[in-house]
Amino acid sequence: MRWSQAFIPTLKEDPAEAEVASHKLMIRAGMLRKVAPGIHDYLPLGWRVIKRVEDIVRQEMDRTGAHELLLPANCPAELWQKSGRYDAYGPELLRYKDRSEHELVFGPTHEEVITDLVDREIKSYRELPVTLYQIQTKFRDEIRPRFGVLRAREFCMKDAYSFHVSKKSLDATYKLMYEAYHRICQRCGVDYRSVQAAGGTIGGSFTEEFMVLTERGEDSILVCECGFAGKPEMVAVKEAGTRDTGHGTRDGGPEEVATPNVHTVEEVAALLKLKPAQVVKTMLYTYGDQAIAVLVRGDHAVSEAKLAAYCQAEVTLADEQTIKKITGGPLGFSGPVGLKGVKLIADSALQAGGEVVTGANKQDAHLKGVVLARDAEVVAWEDLREAAAADTCPKCAKPLNEKRGIEVGHVFKLGIKYSKAMNANFIDQSGKEQPYIMGCYGFGVTRMVAAIIEQLHDEDGIIWPASVAPYQVVISPLNMAKPALKEAAEKIYQDLLAAGTEVLLDDRELATGAKLKDADLIGIPLRVTIGERSIKEGKVELKLRREKDAKLVAPDKAAEEAGKILEEERKKLEP
């Protein structure tokens, strides 16, 4: 491709609306343009990268034995009503009616549609297992779309679904998909971790996320030098002996203190001249038709994933009306002392004892001198909090370190969540109907593009791995008006095309600085620079985008040498 004939509208300055590197650089490099909040045009350079990632994903899915299909983006609402997710999914689900007043949704994910398809087409255990996947545009009506394609409303995703007769069969396919996701991330050239995670709105008995490590990642993960990685809400915490939660136990009971105009743990601790660890939060949750009160230290956070596992049900933070009904007090002043009619459980970090401060279940009041084992009816002490960098690795007991990451993939063991709800069954070997046992495997294609940029860029622009770059080589003749430079550029261009290399020839009449800045900005892995001084010496310059040093070679050897360099780059990305 000749740059003069391409559509690559680069920009010199960072766009005002962009906050993170990937958003800034995708706009500046002429890859992306905003149409509406969270909805974008993908320009040719960006689309080429997306297609590269798609190709890697497709190759690895096919390698597992999965079959590609395409499901409708517009889905009948009754399928979602049948699964129970029509209301449960929330406002992110785009709902609308067609001209016949039939309710539809724009698919944010396709568990319902694929379950309906398999239920209609596969009825015998002999036809299972089967894994089906698609690469398709999704829509989720994010309340606050931001960061370009990292938190978009419309995006490209690969979603795969497997159907089985047994958990053992599901485990085998899950392992295949897990390994495939590792290969995808390795081939895309990123530093990543796989971590156990919570199922969220998808559900499932066991799930793992694939996180690309980057300083501006939205998610926190805890990692250890032994190779362990986990999300704070899932990492098991082993309390290390007694903690400083108080100053000993006084005789008597709790003492009420006035705490006007304070609403946070930090404000309460500051008013009473205590550490946040000496304040206990009482958090009320509901699940089904029940409520539960959870106690955690003021400097800790409740892990809703661990709580859901304890309750064996999805949990929801109680609203103000429910809190008032249970505690008799307003939001922000709940406490365990005298709390009746609700199960009370505490995080195991509080079992060390000592005096603490809690809410008094009344406006502008707290209790100090509370000893939980004496003053509250705690029925269980469990690991209920999110882990933190101060905690130890559950695998090797060394200190955990906190990293930031971007989720690009998620694999789920769904079990019978959807097949049971939708009455989707197969006939087993004994002639009985059984619900399909399912797995689900999602991968964010456009998210991976942004994640690569977040991790692989410098002050000059993007640094694409060879596997996903829009072009492999950019040829930058510094003055196309000079016959010797133009001739060398054209010869190298034709030689690279003949070798099957995707190459971009910058044939524009621009200043040297502008050409080199654009080449660095769009991040092509290898640049061939042709200058007047070097060409007089019978040389051209080959330089990898990520390196400072260049290599000088004869013009007639440039294409061959470029091929060798690119082959080495590709080998580095092989799983």
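The following passage describes the nonpolar cores and the aromatic pairs of a predicted model. Residues are numbered from 1 along each chain as its sequence is written, and side-chain values use heavy atoms, with hydrogens and water left out. Because the model is predicted, local features need pLDDT of at least 70 and side-chain atom pairs count only at pLDDT 80 or more, whereas totals for chains, interfaces and linings use all residues.

The largest nonpolar core (a set of buried Ala, Val, Leu, Ile, Met, Phe, Trp, Tyr and Cys residues joined through side-chain atoms within 4.5 Å; buried means under 20% relative accessible area, with a 1.4 Å probe and protein chains only) has 59 residues, and Met 31, Met 61, Val 408, Met 448 and Trp 464 are those with the most contacts inside it. This core lies between domain 1 (15-72 + 108-235 + 402-453) and domain 3 (471-572), because both give residues to it; the domain bounds come from an automatic or database domain assignment. A second, separate core holds 27 residues, including Trp 80, Leu 93, Val 118 and Cys 440.

The structure also holds 9 aromatic pairs, in which rings of Phe, Tyr and Trp (its six-membered ring) have centres within 6.5 Å, with planes under 30 degrees apart counted as stacked, over 60 as edge-to-face and the rest as tilted. Trp 80 and Tyr 89, both buried, form an edge-to-face pair at 5.5 Å centre to centre, with 80° between the planes. The rings of Phe 106 and Phe 139 are likewise edge-to-face, because their planes stand at 70°, with centres 6.0 Å apart, and both residues are buried.

Note on methods
Buried means under 20% relative accessible area, exposed over 50%, partly exposed in between (1.4 Å probe, protein chains only).
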